[in-house]
Amino acid sequence: MTKLGRLFPLPLRLCASALILMKAALLFSIILAMPVIAEESEPAPKSIDGKDVPPIEKLVLLKGNVKAGEAIFKDPKTANCVNCHRMGDMGKEVGPPLDSIGEKPKEVLFESILQPSAAIQHGFETYAIKTKDGVLLTGLLIEETEEHLLLRDATGEQIEIAPAKVLKKLRQEKSMMPEGLSGLMTLQELVDLVEFLASKRVGQ
Ligand code: HEC
């Protein structure tokens, strides 16, 4: 029998270990909650009038206008999405074509615009390449073979590089799609834009 055992009867000892377990569980849940707290403290994206864009779960409840959204999508003075996305016969192909983007839920569409780097589409990662003669290039790495590397920059221009010339090749954390595009439009225009994207399904 240990000293503790002699001093405290069994029910009391059980109580003490239950207390320790509870403390451990509390500590564990605090640790688990920490990344959530860190995420929430990130500043909210703004719309053109400087107001905070509401969280995505609120945005998806707002109703948009497809026709107005299409105008925003094409307008070079606001979002200029067509500078980087092909849809039907409009737009350039820098990022992924958006012909059937409406297959994805609205939550994902809002996130793609508000936090482009949160989930970068596979095959559309940005790379920085430093060549042996000291040139730094960035773009989407669209092809990599033994003969060449093919980078596509934000203007849609393709750059061909011989593998022997590459000094360093680094994948970037950031999407080539700019952050803060919501800052170029009103909240209603953002909702209209997503309504337009959501209407784009295969065969439509
Ligand atoms: C400078 C180029 C550029 C501009 C401008 C741009 N995008 Fe993008 N976009 C990209 C690239 C590159 C990706 C792929 C990488 C990624 O997922 O972030 C992308 C990804 C997306 C996706 C996700 C596609 C998918 O299949 O999941 C959506 C939706 C999107 N863009 C919509 C828009 C809209 C709407 C606008 C205009 C407000 C816009 N983009 C402006 C380059 C751009």
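## The sheet, starting from one pair

Let's begin with a single pair of residues: Leu149 stands opposite Ile161, which belongs to β4. The model you are looking at is predicted, so please read everything here in that light. The pair sits where strand β3 (residues 149-152) meets β4, and four bridges join these two antiparallel strands.

Stepping back, β3 and β4 are part of an open sheet of five strands, ordered β4-β3-β2-β1-β5, with antiparallel pairing. At the edges are β4 (158-161) and β5 (166-171), each of which pairs on one side only. On average, neighbouring strands of this sheet are turned by 40° against each other, with direction ignored. A reminder that may help when you inspect the faces: in a regular strand, side chains alternate between the two faces of the sheet.

## β1 and its two partners

Strand β1 (residues 126-131) pairs with strand β2 (residues 136-144) in the antiparallel sense, over five bridges. In this pairing, Lys130 stands opposite Leu136 of β2. The two strands make a hairpin with four residues between them. Within that turn, Gly134 has a positive phi of about 90°.

The other partner of β1 is β5, and here too the pairing is antiparallel and runs over five bridges. Ile129 stands opposite Lys169 of β5.

## Around the ligand

Which residues come closest to the ligand? They are Ala79, Cys81, Cys84, Gly95 and Ser175, out of 25 residues that surround the ligand. By residue class, the shell divides into 18 nonpolar, seven polar and no charged residues. If you are setting up a model of the site, that is the composition to have in mind.

Two helices, α5 (106-114) and α6 (187-198), each supply at least two residues of this shell. Of the elements that contribute, α5 gives the most, with three residues.

## A look at Asn80

Asn80 lies in the loop between α4 (66-74) and α5. Is Asn80 buried or exposed? The answer falls in between: Asn80 counts as partly exposed because it has 17 C-beta neighbours inside 10 Å, whereas a buried residue would need 20 or more and an exposed one 12 or fewer.

Asn80 also offers a nice example of how sequence and space can part ways. Asn80 and Leu184 are 104 residues apart in sequence, while their C-alpha atoms are 9.8 Å apart in space.

Methods:
Residues are numbered from 1 along each chain as its sequence is written. This is a predicted model: local features need pLDDT of at least 70, side-chain atom pairs count only at pLDDT 80 or more; totals for chains, interfaces and linings use all residues. A residue is near a molecule or strand if its C-beta atom, placed from the backbone, lies within 6 Å of it. Ala, Val, Leu, Ile, Met, Phe, Trp, Tyr, Cys and Pro count as nonpolar, Asp, Glu, Lys and Arg as charged, and the others, Gly among them, as polar. Two strands pair if DSSP finds at least two bridges between them. Axes are lines fitted to C-alpha atoms, for helices over the stretch in contact, and angles run from 0 to 180 degrees between N-to-C directions.
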